[in-house]
Amino acid sequence: MDLTSLTTMWWAIALLFITVLATKITRARITNIDPQRTTGQLPPMVNGLALLGLLPTLLKKGLPPMFNYLYVNYGSVFSVSCFGVIKVTLLIGPEATTHFFQGLESEISHGNLLEFTVPMFGKAVGYGRDTATRMEQMRFHSEALRASRLRSHVSPMLQEVEDFFAKWGEEGVVDLKLEFEQLLMLISGRCLLGKEVRENMFDEVYTLFREIEKGVTLISFLFPYLPTPANRQRDRARIRLTEILSNVVESRKSSGRVEEDTLQKLIDSKYKDGRPTTVEEVAGLIIGLLFAGKHTSSHTSTWTGACLLSHPAFLRAAIEEQHQVAKKYKDGPEYNAFLEMDTLHNCIKEALRKNPATPLLVRRVHKRFTVQTKEGQQYDIPQDYIVATPTIVNNYIPYIYTDPQVYDPNRFGPERREDKVGGKFSYTSFGGGRHVCTGEAYAYMQLKVIWSHLLRNFDLELVSPFPNTDWSKFLPDPQGKLLVRYTRNGI
Ligand code: HEM
């Protein structure tokens, strides 16, 4: 669009006006309702028989078409009941999810739904502790990952990325999914765990972490303490990993050595009463971060590859942006250069809109509240209900996203800003509100460091078919390998 032309200027003014108006209307809609008022009306119920009718769709096409069918037919607030065994109320779209994301921890929280993380991270942290302690520990996480702290991670991230891709040949075919998984773990090893682990015991730590991760199955989610082989292996691995990390923490404390990594930030964290974090707490907190960032980041980097490499126009635009940045930052990219890569940022964000790493966010209701749909219909959500919001539907709402099935990173550009126009909680790939992802800025930074290096140094071509999502997994993934032919190039 030619921003100097008069017509464009009028369009821009009109768009700005509509944006402001739409945001105000959405906000008004969101904030005017008192969540504690009672309406006496429960959400419509989708019963077990109706769900059984949807089973073929679920098995053939996966979760999104099923949820979409329910959304189209039952609206943005409804409950599903599987013959009384599982009962969940679904809240869809920014109007219905305000309290879900913003409600006080005492009113709506993960409750015991994340109990399966206790044997993974240990009893000293998170859902092994009382709410007040857990909230303080969440603060330690968010302070350790604050955007302003990111600057110190850029140089180690760059070094890991350069060393990793230096091992590729002049040309070849690789499974990008596998490559990203290994590379991201190396970056976490360096930036989160620190150089002792990265340089001396990375392989053992990586193996142990994978064993803990393998314990994340539907069975361990439902019965975290059942002595299955996977759960037993998970428990052994956590004990050994805690031991290794505790030794690192003790050694830093006794030698007075201070590092620039996230582990150090957690060692230095203090509770409100001045108490420092214990060695066991630090180990649990850092395992929690590894877990929160690993699958989500490798999932997103793989989808970014699949989407970019099958949309030549956006691939060209992302490469062109690298040329521009390279001209400006002649000594190589640094912190500010990555912040300026808007095209690449939007390509990643759009890949994640279409393929959220966490398709469903879940909470337990501790205090009854009222929701209001976009159409103005109000419902009571009683205490003890389990509520969920499906990111895979939120990110495709047609009144927020134009042609939602299309991969179009420009929807986040300054002219459209569809997620902002749609209002708070229109884009929920990183959650929102009280439990919004504390690693978002870190995640974007590492993904941009990786993808910027690839775009600058290689010609890439997707040689396997565009992947489907593997819905059979507890944490869905791009199915199969992502085979890519590379040829070394160099901007
Ligand atoms: C593209 C990558 C990522 C995606 C898509 C993602 C997504 C999410 C989502 C959806 C939530 C909210 C869960 C809920 O509401 O129940 C969340 C929470 C969280 N994420 Fe991420 N995440 C990513 C990367 C990371 C990284 C790299 C880290 C840390 C290094 C991290 C740390 C956390 C933490 C600590 C929370 C819990 C926040 C809380 O409960 O207060 N995430 N993430």
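Six strands make up an open sheet of mixed pairing, in the order β1-β2-β3-β9-β6-β4; strands are DSSP runs of E of at least two residues and helices runs of H or I of at least four, numbered from the N terminus, and two strands pair if DSSP finds at least two bridges between them. β1 (45–46) and β4 (108–109) stand at the edges with a single partner strand each, so one side of each has no neighbour in the sheet. Strands β2 (residues 77–82) and β3 (residues 86–91) run antiparallel and are joined by six bridges. Val80 has Val88 in β3 as its bridge partner.

The model is predicted: local features need pLDDT of at least 70 and side-chain atom pairs pLDDT 80 or more, while totals for chains, interfaces and linings use all residues. Residues are numbered from 1 along each chain as its sequence is written.

The ligand has 22 residues around it (C-beta atom, placed from the backbone, within 6 Å). Gly293, Thr296, Gly431, Cys437 and Gly439 come nearest. Two or more residues of this shell come from each of α8 (131–144), α16 (279–309) and α22 (440–457). The most, six residues, come from α16.

The largest nonpolar core contains 68 residues; such a core is a set of buried Ala, Val, Leu, Ile, Met, Phe, Trp, Tyr and Cys residues joined through C-beta atoms within 7 Å, buried meaning 20 or more other C-beta atoms within 10 Å of the residue's own. Met157, Leu241, Leu266, Val282 and Ile286 have the most contacts inside this core. Its main contributor is α16, with 11 residues. A second, separate core of 25 residues includes Tyr71, Ala96, Phe100 and Tyr379.

Definitions and conventions. A residue is buried if 20 or more other C-beta atoms lie within 10 Å of its own, exposed if 12 or fewer, and partly exposed in between; C-beta atoms are placed from the backbone.
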